[in-house]
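Biologist: I'd like to learn how to read empty space inside a protein. Could you walk me through it with an example?

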Amino acid sequence: MATYGMKIFAGNSNPELAVQICESLEIPLSRSLVTTFSDGEIRVEIGENVRGADVFVVQTGSPPVNDHLMELLVMIDALKRASARRITAVIPYYSYSRQDRKNKPRVPITARLVADLITRVGTHRILTVDLHAGQIQGFFDIPVDNLYASPILLPYIREHFNGNLVIVSPDAGGVPRARAYASQLKAGLALIDKRRAEVNKAEALNIIGEVEGKTAVVLDDMVDTAGTLVEATKSLLEKGAREVHACVTHPILSGPAVDRIESSLLKSLVVTDTVPLSPQASHCEKIKCVPACRLFSAAIRNIHNEDSISTLFEILH
């Protein structure tokens with residue numbers, strides 16, 4: 001009779017996080033070979049029996065994004081054909097999440113396309129954290145657990161940013177998240193009114209809220225080229241903020257991001273390891289990384305045991 005055991009596999013996007021999750025769960029990382037043929041085709045071999053198993057595949061949307069997405073799809077297909085009982089895709093950072101709506105003529109909704117690909121290949125469940133837009137959950141016809149990074153970031157803010165705090169949302173879409181943090185921290189709330197002239201370029205225009213004499217903490221779900229963050233820092237300091245920090249879940253940090261952060265007046269950038277830091281980012285003294293493994297291991301354990309994971313959301317209510 002097949003056993004309903006738990007197994008965790010990892011692609012090449014963030015193997016360190018997968019190992020830490022397994023250490024937290026006190027189980028070994030399951031064996032697999034994920035490599036390429038000479039022409040770049042993804043090659044996958046599952047190295048152990050998964051028949052009847054409850055399988056979790058840890059694969060984040062870090063660069064090279066398309067390679068890692070294809071790895072995830074091929075791994076899930078291999079596990080399905082090996083008769084895994086249930087397959088959960090653990091996607092700490094959901095790639096293509098910024099393309100979640102049709103905001104101009106003749107553009108795709110790529111976040112929906114990726115959701116269709118992941119669903120059709122045979123995935124039974126999705127586990128992620130801080131989706132760029134919560135409505136992306138509706139793109140899936142399977143259960144989606146969209147965790148919050150607050151159990152990781154709130155304790156760090158409480159411990160390191162003492163004094164007169166104001167939580168700052170870099171855009172209107174992030175206000176609910178910033179309001180929830182401000183409520184938990186008994187802090188003020190501010191909003192940056194910005195206009196995006198083109199992709200990856202934003203200009204901060206106005207600060208809504210009181211920031212003078214306060215320690216400002218900019219809160220966002222991701223930082224890519226850091227253009228918005230640097231402009232936000234400049235605007236907040238011009239409005240009298242004492243100092244500016246940032247807490248961001250997903251550190252994409254592409255292109256000139258790290259150079260911009262190092263040369264800016266931003267005091268610190270606190271991130272999680274949902275996306276692995278590049279060597280340059282790892283050596284940047286301003287960038288502090290807090291681990292996400294316990295958040296994911298708690299969710300994986302409860303999913304496997306068919307228990308509720310609602311306690312992981314309570315911190316924002």
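Biologist: Which residues line the largest cavity?

Modeller: Here's the general idea: rolling a probe the size of a water molecule over the atoms shows where empty space is left. In this predicted model, the lining of the largest cavity is made of Gln59, Thr60, Gly61, Val65, His68, Leu69, Leu72, Ile91, Tyr94, Ser95, Val114 and Ile118. Helix H2 (65-81) and helix H3 (110-120) are the elements that each give two or more residues to that lining. H2 provides the largest share, with four residues.

Biologist: What is the volume of the largest cavity, and which classes of residue make up its lining?

Modeller: The volume is about 70 Å³. By class, the lining has seven nonpolar and five polar residues, and no charged ones.

Biologist: How many cavities of 30 Å³ or more does the structure hold?

Modeller: Two. The second largest cavity has about 30 Å³ of space. Among its lining residues are Pro92, Tyr93, Tyr94, Asp130, His132 and His250. That lining divides into five nonpolar, four polar and one charged. Tyr94 turns up in the lining of the largest cavity and also in that of the second largest.

Biologist: Back to H2. Which of its residues are buried?

Modeller: Start with the general idea again: an α-helix has 3.6 residues a turn, so residues three or four places apart point the same way. In H2, the buried residues are His68, Leu69, Glu71, Leu72, Leu73, Met75, Ile76 and Leu79. Their cover includes strand E1 (6-10), strand E2 (32-36), strand E3 (42-46), strand E4 (54-58), strand E5 (86-91) and H3. Of those buried residues, His68, Leu69 and Leu72 also line the largest cavity.

Biologist: What span should H2 have, and what does the model give?

Modeller: At 1.5 Å a residue, its 17 residues should span 24 Å, and the end C-alpha atoms are 25 Å apart, so the two agree. After H2 comes serine 83, with a positive phi near 70 degrees.

Biologist: Let's try a loop residue. Where is glutamate 210 found, and why does it count as partly exposed?

Modeller: Glutamate 210 sits in the loop between strand E10 (201-208) and strand E11 (215-223). It counts as partly exposed because its relative accessibility is 47%, and that class lies between 20% and 50%.

Biologist: Which backbone atom lies 3.1 Å from a polar atom of its side chain?

Modeller: The backbone nitrogen of glutamate 212. As for the chain path, the C-alpha atoms of glutamate 210 and alanine 190 are 6.6 Å apart, though the two are 20 residues apart along the chain.

Note on methods:
Residues are numbered from 1 along each chain as its sequence is written. This is a predicted model: local features need pLDDT of at least 70, side-chain atom pairs count only at pLDDT 80 or more; totals for chains, interfaces and linings use all residues. Side-chain values use heavy atoms; hydrogens and water are left out. On a 1 Å grid over the protein atoms alone, a cavity is a set of points where a 1.4 Å probe fits but cannot get out, and a pocket is an open set with protein on both sides within 12 Å along at least five of seven lines; lining residues have an atom within 4 Å of a point. Grid points are joined across faces, edges and corners, and a volume is the space filled by probe spheres set on the points. Ala, Val, Leu, Ile, Met, Phe, Trp, Tyr, Cys and Pro count as nonpolar, Asp, Glu, Lys and Arg as charged, and the others, Gly among them, as polar. Buried means under 20% relative accessible area, exposed over 50%, partly exposed in between (1.4 Å probe, protein chains only). A polar contact is a pair of N or O atoms within 3.5 Å; within protein, one must be able to donate a hydrogen and the other to accept it, and residues adjacent in sequence count only if both atoms are side-chain atoms. The expected span of a helix is 1.5 Å times one less than its number of residues. Contact means heavy atoms within 4.5 Å.
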